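Work through the exercises below with the sequence and the model open. Each task is followed by a worked solution.

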Amino acid sequence: IRYSKTKMLILLTVFCIILFVILDIIFSNSVLQITEYEICTEKLDNNIKVVHLTDIHNNEFGKNNEKLVEKIKAQKPDIVCITGDLINMHSDDTTVATNLIEELSLLFPVFISFGNHESQYQNLKKADLKNIFEDAGAIVLDFTYEDIEIRGTKLRIGGFYGYGFAEDHEVARDNESYFLNEFQDTDRYKILLAHMPFSWYHGESLDYWNIDLVLSGHTHGGQIRLPFLGGLYASDIGWFPGRECGIYYSQNENSVMVLSRGLGSTEIVPRFNNLTENVVIELTNGRE
């Protein structure tokens, strides 16, 4: 079979594009990027370092996630917060998630809230993930909170799987409002683990609730990121969401949400041009 130069060029171009896409997908799903934020607050007596992980979806970086654990260990955090979707809803078991929890909880306090995949996994498998994750060493926050102290600094850390719309919003849920009212009733610095980000920057929840720091995920950074355009699609938001990762402040700048691109993918669509993200947050008191 003889091919013209034009056909050969087309075939070569198509081959190069396919090869580029395959290599980028492998790269995006296996290379860990550390994103650092500094948040200044007068509520703290001492600086606190938080590592935020989300949307792992059974992804592994080395055996038993040893590369991820080493990255986190090098950051020397005070606490590790995981905002859901450690697993996929159709996972055969929870081994990847529990192995990671076991490794991390030997080094740091690990706090976990659920995402939509944990919720659906429990319904499908009739499993109690709260007990499973707690047996592995984590503190699971499911419409609950913990008051802790780090080097004299008092924190309240809570978590829930829900949206958290303002009480006067048309789709506000009573159980979420009840929990958030109780959670915010303290002078401690408040960190909320909330997998679903939509209400916090689209529904004005960040301005409504008296919460200092919200950690969130779910959007995967738009899953597929296009040059100059950003994320392609995010659940609950739609096509070209515009705000699919990053740091967002309330109007009075008293509250802040950190939205991570996450560390994995669902079974359906792989990440493309979208490095996995390990978020490190330095909470500082603003004093030299």
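**Exercise 1.** Which residues of helix H4 (residues 116-125) are buried?

*Solution.* The model is predicted: local features need pLDDT of at least 70, side-chain atom pairs count only at pLDDT 80 or more, and totals for chains, interfaces and linings use all residues. Residues are numbered from 1 along each chain as its sequence is written, and side-chain values use heavy atoms, with hydrogens and water left out.

Step 1. Helices (H or I, at least four residues) and strands (E, at least two) are DSSP runs, numbered from the N terminus.
Step 2. Buried means under 20% relative accessible area, with a 1.4 Å probe and protein chains only.
Step 3. In H4, Asn 116, His 117, Glu 118 and Tyr 121 are buried.
Step 4. Helix H5 (129-135) is included in what covers them.
Step 5. After H4 comes Lys 126, with a positive phi near 55 degrees.

**Exercise 2.** Describe the surroundings of Leu 53 in strand E2 (residues 48-53).

*Solution.*
Step 1. Leu 53 counts as buried because its relative accessibility is 0%.
Step 2. Beyond neighbours within four places in sequence, its contacts (heavy atoms within 4.5 Å) include Leu 68, Ile 72, Thr 83, Leu 263 and Asn 278.
Step 3. For Thr 83, the separation from Leu 53 is 30 residues in sequence and 6.5 Å in space, C-alpha to C-alpha.

**Exercise 3.** Place Thr 98, a residue of helix H3 (residues 95-105).

*Solution.*
Step 1. Thr 98 has 12% relative accessibility and therefore counts as buried.
Step 2. The Thr 98 side chain reaches the backbone oxygen of Thr 95 at 3.2 Å.
Step 3. Leaving out neighbours within four places in sequence, Thr 98 is in contact with Ile 132, Phe 133 and Ala 136.

Note on methods: Buried < 20%, exposed > 50% of the residue type's maximum accessible area, 1.4 Å probe, protein only. Polar contact = N/O pair within 3.5 Å; in protein donor to acceptor, adjacent residues only side chain to side chain.
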